[in-house]
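Colleague: I am new to this model and would like to get to know one part of it well. Please pick a stretch, take me through it closely, and then show me how its surroundings fit in.

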Amino acid sequence: MKISFNPDFPGSSFLGYSPFLSEFSDKYSDIRFSSLKSDSLKVAELLQLGYQQFSHPRLKNWSDRIYRCSPSLWFRDNNSGFKLRESAFCKVRLCPICSARKSAMWKAKCLQIWPLLTSEHPHLRYLFLTLTIKNVPVVNLKNVIVRLLRPSIKRFFRLLSYRLGDTFQGRIRKFECTYSSKRYCHPHYHYLLAVSPEYFDEFYLRFEEWRSLWQQSLRSDYKPLINIQAVSSDDEKGLLEVLKYELKPSDFKKDYRWLSEFGLQVSGTKIYSTGGILRKYFQFLEHDPDMIHEADINDNHAYGISNNLIRFDFNQSAKQYCIFS
Ligand SMILES: [Zn+2]
């Protein structure tokens with residue numbers, strides 16, 4: 001098999017390594033594994049520091065698993081790009097490789113399903129909604145999720161269903177949290193809501209009405225920040241923004257105490273939930289995806305280039321996946 005190698009980036013041979021995965025970038029259509037692997041090693045190191053400070057065995061378990069995530073990658077070169085065929089993913093929620101991979105898998109599956117949804121329900125219109133609360137101490141995050149956010153969200157959707165009636169047709173919810181300072185975090189929920197066209201006529205809610213529904217549900221004495229906007233059903237990519245990371249990639253590496261506490265606090269809580277018409281199409285988001293496209297992994301992957309499978313191993317000193325030789 002002939003591999004097309006990008007001659008503009010001869011860095012590997014110059015430095016004395018075998019060719020880097022990134023040097024095949026013109027044909028490489030998957031996520032940026034080399035930089036994610038470096039991020040994963042950093043996260044494993046931070047969680048190890050967290051374990052030394054907090055002595056929580058889960059932190060050590062996560063750190064060890066993330067450290068060993070995806071040491072080798074096997075790709076198939078199918079002429080339209082490299083497709084990952086096999087690797088050993090750790091599936092830890094805090095692993096940068098696994099979260100990027102999950103996000104990419106979910107996005108691909110959603111893009112596949114979207115045409116089916118729009119052909120079966122061409123009348124549906126979509127809204128993006130973000131519900132936030134004030135920053136909370138990261139050590140209280142689980143308590144806030146269980147005792148404040150969950151009941152408030154229940155109240156919010158009861159009120160919303162009452163106001164919108166049958167025009168409210170379904171939802172996808174995504175939990176997200178950003179780093180705000182060493183001790184604080186900013187948890188919030190992103191929603192994709194499906195409504196029937198009548199919403200825009202007799203049931204339309206103005207921004208202040210959405211905000212007041214959320215404030216009432218939250219029973220807060222402050223006006224919470226929210227965002228609400230209509231999105232076109234043709235804008236598939238925009239609609240699927242709801243699938244962005246739970247934690248921004250840069251937030252993974254901010255502070256080992258914050259990251260360790262965040263991991264322990266969100267452990268066991270759901271990232272996604274679905275409801276109404278959208279549940280039938282997107283319920284798969286509530287479960288871990290297959291990390292590999294299709295289940296075609298029965299090939300005989302020996303070493304290097306074999307049966308159209310190309311193996312790359314992560315080289316720690318080069319900080320790159322290098323072709324196995
Ligand atoms: Zn992983």
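Modeller: Let's begin with helix 5, where Leu-141, Leu-149, Ser-152, Phe-156 and Phe-157 are buried (20 or more other C-beta atoms, placed from the backbone, within 10 Å of a residue's own; 12 or fewer is exposed, in between partly exposed). This is a predicted model, in which local features need pLDDT of at least 70 and side-chain atom pairs count only at pLDDT 80 or more, while totals for chains, interfaces and linings use all residues. Residues are numbered from 1 along each chain as its sequence is written.

Helix 5 covers residues 141-164 (helices are DSSP runs of H or I with at least four residues, strands are E runs of at least two, both numbered from the N terminus). At Leu-149, helix 5 bends by about 35° (the angle between axes fitted to the seven residues ending there and the seven starting there). A proline, Pro-151, follows the bend within four residues. The cover over the buried residues of helix 5 includes strand 4 (136-137), strand 6 (184-195), helix 6 (207-218) and helix 8. After helix 5 comes Gly-165, with a positive phi near 55°.

Helix 8 is a good place to move on, as it also helps to cover the buried residues of helix 2. Others in that cover include helix 3 (57-67), strand 1 (72-77) and helix 4 (96-120). Helix 2 has 22 residues and spans 30 Å from first C-alpha to last, close to the 32 Å expected (1.5 Å times one less than the number of residues). Among its buried residues are Phe-33, Lys-37, Asp-39, Val-43 and Tyr-51.

How do helix 2 and helix 8 cross? Their axes (lines fitted to C-alpha atoms over the stretch in contact, with angles from 0 to 180 degrees between N-to-C directions) come within 8 Å and cross at roughly 80°. That makes helix 2 roughly perpendicular to helix 8 (65 to 115 degrees; under 35 is roughly parallel, over 145 roughly antiparallel, the rest oblique). From helix 2, the contact (C-beta atoms, placed from the backbone, within 7 Å) includes Leu-46, Gly-50 and Phe-54. On the side of helix 8, Tyr-256, Arg-257, Leu-259 and Ser-260 take part.

Helix 4 meets helix 2 as well, at an angle of about 135° and with the axes 7 Å apart. Here helix 2 is oblique to helix 4. Pro-96, Ile-97 and Ala-100 of helix 4 touch residues of helix 2 including Leu-36 and Ser-40.

Further along helix 4 sits Thr-118. This threonine is partly exposed, with 14 other C-beta atoms within 10 Å. Its C-alpha lies 9.2 Å from that of Asp-234, 116 residues away along the chain.

Two serines are worth a look too. Ser-55, in the loop between helix 2 and helix 3, has a positive phi of about 55° although it is not a glycine. Ser-70, in the loop between helix 3 and strand 1, is not a glycine either and has a positive phi of about 45°. Ser-55 is exposed, with 9 other C-beta atoms within 10 Å, whereas Ser-70 is buried, with 23.

Finally, here is the wider view. The protein has nine helices and eleven strands, and 29% of its 325 residues count as buried.

Definitions and conventions
Contact = placed C-beta atoms within 7 Å.
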